[in-house]
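Hi,

Here is the model I said I'd pass on. Have a look at it first, and my notes follow underneath.

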Amino acid sequence: MNLTLKIWRQKDAKSKGKFVTYTLENISPNCSFLEMLDILNESLIQKNEEPVVFDHDCREGICGMCSLYINGRPHGPDDAVTACQLHMRKFKDGDTITVEPWRAKPFPVIKDLMVDRTAFDKIIQAGGYISVNTGGAMEANHILIPKPAAELSMDAAACIGCGACVAACKNASAMLFVSAKISQFALLPQGRPEASERVMKMVKMMDDLGFGNCTNTYACEAECPKSISRSNIARMNLEFICAKASWE
Amino acid sequence: MSASLLRFSSITKKIWMALLGIFLLIFLVVHLSINLCLLRSDPRWFNDAAHFMGTNYVVKVFEIVLFAGFILHVALGIILQVQNWMSRPVRYAVNNKSTTPFLSKYMIWTGGIILLFLVIHLTNFYIIKLGWASGPRFIDGEPNFYQRAVDLFSQPVYSLGYILLFIVLGFHLNHAFQAAFQSLGLNFTKYSRCIERFGIVYSIVVPLGFIIIPIYFLLIHSAL
């Protein structure tokens with residue numbers, strides 16, 4: 001495949017970035033998108049040019065590090081996959097592919113296509129955990145959990161925190177991420193004691209960091225590589241209402 | 001007021017937006033039921049309903065709540081939108097191609113058109129009721145709203161604008177109905193499909209009810 005790439009290049013957080021056009025020839029359709037970028041970077045290094053910086057880690061679709069906005073969609077044209085699991089066969093020979101970093105005020109660009117997603121860590125630190133005493137592990141069946149609740153909690157816990165929901169949302173809202181992290185605990189008995197405190201603190205941190213407000217357009221759900229449901233957002237809203245009514 | 005609204009959390013703003021939206025949805029049904037009296041050939045039906053709405057003390061209290069609710073709904077909508085624009089200072093070069101409900105992306109714009117109509121609507125009717133403007137009146141000085149409606153709907157340009165507005169309102173309500181329940185956290189139960197379908201029916205039936213009235217006056221009433 002022969003491709004034209006329009007890639008966002010930005011020297012550092014303070015510099016003004018711009019799109020730079022590259023052409024690539026003889027790319028295998030079986031290449032992953034990140035492998036295609038590796039080939040581009042090798043050719044740039046051979047020409048003594050600065051390689052394109054982009055986030056990646058496991059390349060198995062489970063770490064949440066890829067953060068590429070490809071042709072107007074987070075993680076590219078395929079549904080429910082991360083950019084590392086996207087293959088070049090999803091494009092046509094001769095295509096022009098535009099690659100941008102996530103765009104959101106709380107996700108500043110560090111360099112090229114790499115953005116700072118510390119904002120998500122701060123939201124988790126605000127309340128995305130359960131407090132447990134250290135010691136011997138409890139008997140696994142000591143607390144009984146209904147199967148449907150366990151499954152819904154597991155579905156929410158599938159969120160890999162990649163930020164595609166923020167990138168896709170027209171308002172750069174982090175509601176899907178935060179709601180998934182709240183739901184995974186709220187659905188389980190172990191998460192209930194701190195449920196009110198958790199939702200209040202995590203929502204406050206989300207707002208303080210400058211994420212946008214949810215307008216229920218559901219682009220987050222459409223683009224989530226782990227198909228996290230928008231029903232988690234509804235659950236978080238109800239958790240918030242209950243917490244607001246009861247929290248002192 | 002605006003400073004207090006800004007201090008609300010993002011979800012609190014959405015909850016108020018939803019509660020006020022549902023209140024306005026109920027008001028629309030009441031308004032439609034009165035407007036449908038215009039379809040009766042006897043003007044007393046509509047004028048009696050308008051007189052009741054204008055003089056009943058319970059309705060007068062709700063009138064204040066309605067105005068406050070509408071102002072708050074608009075103010076929150078504008079605040080949410082401005083904050084959302086500020087959350088993405090650098091836009092994407094390639095427009096978002098995510099699959100989302102088409103009308104959900106244009107709520108601020110459809111809302112703006114509805115607000116513009118509301119100003120025109122209040123200018124046409126409400127200021128006559130308050131006595132700030134002249135208009136058709138009975139001998140005892142009471143405003144004759146039936147005649148006012150006939151005068152306005154007899155103008156094809158006004159009627160066409162009215163019809164177009166209610167199509168836009170239908171677009172707004174189409175997303176607003178289910179979004180209100182989502183914001184109130186009531187959209188993850190087994191009733192969510194039911195809420196979605198009821199919202200679609202509401203967004204078609206209620207605007208259609210309003211649209212029938214100018215069509216009646218343009219095509220049937222003028223021929224009588």
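Let me start with a bent helix: helix 7 of chain B has a bend of about 30° at B:Ala176. Bear in mind throughout that this is a predicted model. That helix covers residues 156–183, 28 residues in total, and its first and last C-alpha atoms are 40 Å apart, close to the 40 Å expected at 1.5 Å a residue. After helix 7 of chain B comes B:Gly185, with a positive phi near 75°.

Helix 8 of chain B (residues 192–220) has a kink too, of about 25°, centred on B:Gly209. What span should its 29 residues give at 1.5 Å a residue, and what do the end C-alpha atoms show? The expected figure is 42 Å and the end C-alpha atoms are 41 Å apart, so the two agree. The buried residues of this helix are B:Gly199, B:Ser203, B:Pro207, B:Ile213, B:Pro214 and B:Phe217. They pack against helix 2 (10–35), helix 6 (145–153) and helix 7 of chain B, so you can find the bent helix again among the packing partners of the kinked one. Now for chain A, beginning with the overall numbers. Chain A has eight helices and seven strands, and its C-alpha atoms fill a box of roughly 60 × 35 × 35 Å along the principal axes. Of its 248 residues, 45% count as buried. If you take the contacts in chain A between residues at least 6 apart in sequence, 69% of them join residues at least 24 apart.

The domain assignment splits chain A into domain 1 (3–111) and domain 2 (117–132 + 141–246). Their C-alpha centres lie 28 Å apart. Where the two touch, domain 1 of chain A puts in 19 residues and domain 2 of chain A puts in 17. On the domain 1 side, the residues divide into 11 nonpolar, five polar and three charged.

There is also an open sheet in chain A, made of five strands in the order 2-1-5-3-4, with mixed pairing. Which strands stand at the edges? They are strand 2 (18–24) and strand 4 (73–74) of chain A; each has a single partner strand, so one side of each has no neighbour in the sheet. Further in, strand 1 (residues 3–9) and strand 5 (residues 96–101) of chain A run parallel, paired over four bridges. In that pairing, A:Thr4 has A:Thr96 of strand 5 as its bridge partner, and A:Leu5 stands opposite A:Ile97. Strand 5 of chain A also pairs with strand 3 (residues 68–70), this time in the antiparallel sense and over three bridges. There, A:Leu68 has A:Pro101 as its bridge partner.

Strand 5 of chain A turns up again at the contact between the chains, which takes 37 residues from chain A and 36 residues from chain B. On the chain A side, strand 5, helix 6 (195–208), helix 7 (219–223) and helix 8 (231–246) each supply at least two residues. Helix 8 of chain A gives the most, with eight residues. By class, the chain A side has 16 nonpolar, 12 polar and nine charged residues.

Last, three single residues in chain A that I'd look at in your viewer.

A:Asp55 sits in the loop between helix 1 (33–46) and strand 3 of chain A. Is it buried or exposed? A:Asp55 counts as buried because it has 22 C-beta neighbours inside 10 Å. Leaving aside neighbours within four places in sequence, A:Asp55 is in contact with A:Met65, A:Cys66, A:Ser67 and A:Met114. Of these, A:Met114 is 59 residues away in sequence, yet the C-alpha atoms of A:Asp55 and A:Met114 are 5.5 Å apart.

A:Asn48 is found in that loop between helix 1 and strand 3 of chain A as well. Its phi is positive, about 60°, although A:Asn48 is not a glycine. With 6 C-beta neighbours inside 10 Å, A:Asn48 counts as exposed.

A:Asn216 also has a positive phi without being a glycine, in this case about 55°. As background, most residues other than glycine have a negative phi. A:Asn216 lies in the loop between helix 6 and helix 7 of chain A, and with 24 C-beta neighbours inside 10 Å it counts as buried.

Cheers

Key:
Residues numbered from 1 in each chain as written. Chains lettered and ligands numbered in written order. Predicted model: local features only at pLDDT ≥ 70, side-chain atom pairs only at ≥ 80, totals over all residues. Expected span 1.5 Å × (residues − 1). Bend = angle between axes of the 7 residues up to and from the residue. Domains from an automatic or database assignment. Contact = placed C-beta atoms within 7 Å. Nonpolar A, V, L, I, M, F, W, Y, C, P; charged D, E, K, R; others polar. Pairing = 2+ DSSP bridges. Buried ≥ 20, exposed ≤ 12 C-beta atoms within 10 Å, placed from the backbone.
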